[in-house]
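Trainee: I would like to learn how to read a structure, one feature at a time. Where do we begin?

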Amino acid sequence: TTPSTVLLGFDGDGVYTFDSQSGNTSLLFTRSNSMLTAMGVYSLCRDHEGNIWVATYTGGAFLMMPEENTTTQLRHREGVEPSLADDNVNAFCEPSKGELWIATDNGISIYHPTTNQYRQILTGNVVVSISATPEGVIAAGTYGNGMFLLDQRGQVVQHYLSSNSGLPSNYLSVVLFDTDRDLWVGNMDSQLVLLKHSDRSW
């Protein structure tokens, strides 16, 4: 991809490229070119090596290497290690080079591509969104259990609920750190709140 190219993921229609200069769109990863077997695309991520990760509903995670025309699929396999925590994948983030955090309907899988090893955290939580600061503070938003702040080891630093914080709801849709390290949190009722970095106030 070029600096003018935007990747677009669609629930039910795979991944397209959009050229912001020409306005042209084209198919990139679909069933028709055998690059993607699950069409419910929930999130996209480009890692530090330029690889593209695709989060899908029911299909797990796909590592796409377009220039090599190869695809690697990560799936959940009951009773098998290493294995993805769940096949419903909602989001990614890469807090440090060489480690990908994969948010699923059964917690977060911390994946090391070089060793093909996983570490599971927040098991039992539907993690819908995940974001990290350059310093390695990770926010994980859940459907029904509020928001977790974690360190790079995956240890819980703070657990925010509507009962102990400024969260209006425990059912979240998105968490995102901005360039000032302030954290924006959206919920399923289309409400948006801000957690300030300076004093951790809402």
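Trainee: Which residue in β18 is the bridge partner of tryptophan 184?

Mentor: Strands of a sheet pair through backbone hydrogen bonds, in a parallel or an antiparallel way. This is a predicted model. In the model, tryptophan 184 has leucine 194 of β18 as its bridge partner. The pairing of β17 with β18 is antiparallel and covers 4 bridges.

Trainee: How many bridges join β16 and β17, and in which sense do these strands pair?

Mentor: There are 5 bridges between β16 and β17, which is residues 183–187, and the sense is antiparallel. One position to look up is valine 174, which stands opposite glycine 186 in β17.

Trainee: In what order do the strands of this open sheet stand?

Mentor: The order is β16-β17-β18, an open sheet of 3 strands with antiparallel pairing. At its edges are β16 (172–177) and β18 (192–195), each of which pairs on one side only. On average, neighbouring strands in this sheet are turned by 20 degrees against each other, with direction ignored.

Trainee: Along β18, which side chains are buried?

Mentor: Read the side chains of β18 in turn, since they alternate between two faces. Val193 and Leu195 point to one face and are buried. Leu192 and Leu194 point to the other face and are not buried.

Trainee: What is the phi of serine 190 in the hairpin of β17 and β18?

Mentor: This hairpin has 4 residues between its strands, and serine 190 takes a positive phi near 65 degrees. Serine 190 is a residue other than glycine, and its place is the loop between β17 and β18.

Trainee: Why does serine 190 count as exposed?

Mentor: The cut-off for exposed is over 50% relative accessible area. Serine 190 has 70%, so it is exposed.

Trainee: Where does leucine 122 lie?

Mentor: Leucine 122 is in the loop between β11 (117–121) and β12. It is not a glycine, yet its phi is positive, at about 55 degrees.

Trainee: Is leucine 122 buried or exposed?

Mentor: A residue is buried when its relative accessible area is under 20%. Leucine 122 is at 13%, so it counts as buried.

Trainee: Which strands stand at the edges of the sheet that holds β12 and β15?

Mentor: That sheet is open, with 4 strands in the order β12-β13-β14-β15 and antiparallel pairing. β12 and β15 are the edge strands; each has a single partner strand, so one side of each has no neighbour in the sheet. The average turn between neighbouring strands here is 15 degrees, direction ignored.

Trainee: Over how many bridges do β14 and β15 pair?

Mentor: They pair over 4 bridges, in the antiparallel sense. Within this pair, leucine 149 has glutamine 158 of β15 as its bridge partner.

Trainee: What does the side chain of aspartate 151 reach?

Mentor: Begin with its place: aspartate 151 is in the loop between β14 (147–150) and β15 (156–160). Its side chain reaches the backbone nitrogen of glutamine 155 at 2.9 Å. The side chains of aspartate 151 and arginine 153 are also joined, by a polar contact of 2.9 Å.

Trainee: Which side chain does threonine 17 join through a polar contact?

Mentor: The partner is serine 26, and the contact between the two side chains is 2.7 Å. Threonine 17 belongs to strand β2 (residues 14–19) and counts as buried at 15% relative accessibility.

Trainee: How much space lies in the largest pocket?

Mentor: Empty space shows up when a probe the size of a water molecule is rolled over the atoms. In this model the largest pocket holds about 260 Å³. It is lined by 17 residues, of which Phe92, Cys93, Ile130, Ser131 and Leu176 are the closest to its centre.

Trainee: Which elements give two or more residues to the lining of the largest pocket?

Mentor: They are β8 (89–96), β12 (127–132) and β16. The largest share, 6 residues, comes from β8. Sorted by class, the lining has 10 nonpolar, 6 polar and 1 charged residues.

How values were computed. Residues are numbered from 1 along each chain as its sequence is written. This is a predicted model: local features need pLDDT of at least 70, side-chain atom pairs count only at pLDDT 80 or more; totals for chains, interfaces and linings use all residues. Side-chain values use heavy atoms; hydrogens and water are left out. Two strands pair if DSSP finds at least two bridges between them. Axes are lines fitted to C-alpha atoms, for helices over the stretch in contact, and angles run from 0 to 180 degrees between N-to-C directions. Buried means under 20% relative accessible area, exposed over 50%, partly exposed in between (1.4 Å probe, protein chains only). On a 1 Å grid over the protein atoms alone, a cavity is a set of points where a 1.4 Å probe fits but cannot get out, and a pocket is an open set with protein on both sides within 12 Å along at least five of seven lines; lining residues have an atom within 4 Å of a point. Grid points are joined across faces, edges and corners, and a volume is the space filled by probe spheres set on the points. Ala, Val, Leu, Ile, Met, Phe, Trp, Tyr, Cys and Pro count as nonpolar, Asp, Glu, Lys and Arg as charged, and the others, Gly among them, as polar. A polar contact is a pair of N or O atoms within 3.5 Å; within protein, one must be able to donate a hydrogen and the other to accept it, and residues adjacent in sequence count only if both atoms are side-chain atoms.
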